[in-house]
Amino acid sequence: MSTHTYKIIEIVGSSPKSIDEAIRNAIADAAKSLRNIKWFEVVETRGHVENGAVAHFQVALKVGFTLEGAD
């Protein structure tokens with residue numbers, strides 16, 4: 001059985017459409033510069049209101065990825 005060592009970072013994704021899209025945007029952008037992303041955890045959600053309606057979603061995430069050579 002192998003062991004794993006993870007590094008954790010925090011990122012914030014945003015979307016004018018949905019919380020789901022904000023998460024997906026954040027992970028897609030993180031994957032452009034990070035390798036071996038294995039999991040995420042939503043730690044905060046918030047939004048911006050304009051004229052009595054939700055205008056934008058923001059989601060703070062903890063993202064875990066394995067370190068190179070640490071399988």
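Lysine 32 is exposed, with a relative accessible area of 69%; exposed means over 50%, buried under 20% and partly exposed in between (1.4 Å probe, protein chains only). Lysine 32 forms a salt bridge with aspartate 29, which counts as partly exposed at 48%. A salt bridge here is a side-chain nitrogen of Lys or Arg within 4 Å of a carboxyl oxygen of Asp or Glu.

This is a predicted model, in which local features need pLDDT of at least 70 and side-chain atom pairs count only at pLDDT 80 or more, while totals for chains, interfaces and linings use all residues. Residues are numbered from 1 along each chain as its sequence is written, and side-chain values use heavy atoms, without hydrogens and water.

The structure holds three salt bridges.

| Positive residue | Negative residue | Closest N to O |
|---|---|---|
| arginine 24 | aspartate 20 | 2.9 Å |
| lysine 32 | aspartate 29 | 3.3 Å |
| arginine 46 | glutamate 44 | 3.0 Å |

Aspartate 20 and arginine 24 both lie in helix H1 (residues 19-31), four residues apart, about one turn of the helix. Arginine 24 is exposed at 56%, whereas aspartate 20 is partly exposed at 43%.

The protein chain has one helix and three strands, in the order β-α-β-β. Helices (H or I, at least four residues) and strands (E, at least two) are DSSP runs, numbered from the N terminus. The radius of gyration is 15 Å, well over the 11 Å that the globule rule gives for 71 residues, so the protein chain is more spread out than a compact globule. That radius is taken over C-alpha atoms, and the rule is 2.2 Å times the number of residues to the power 0.38. Of the 71 residues, 23% count as buried.
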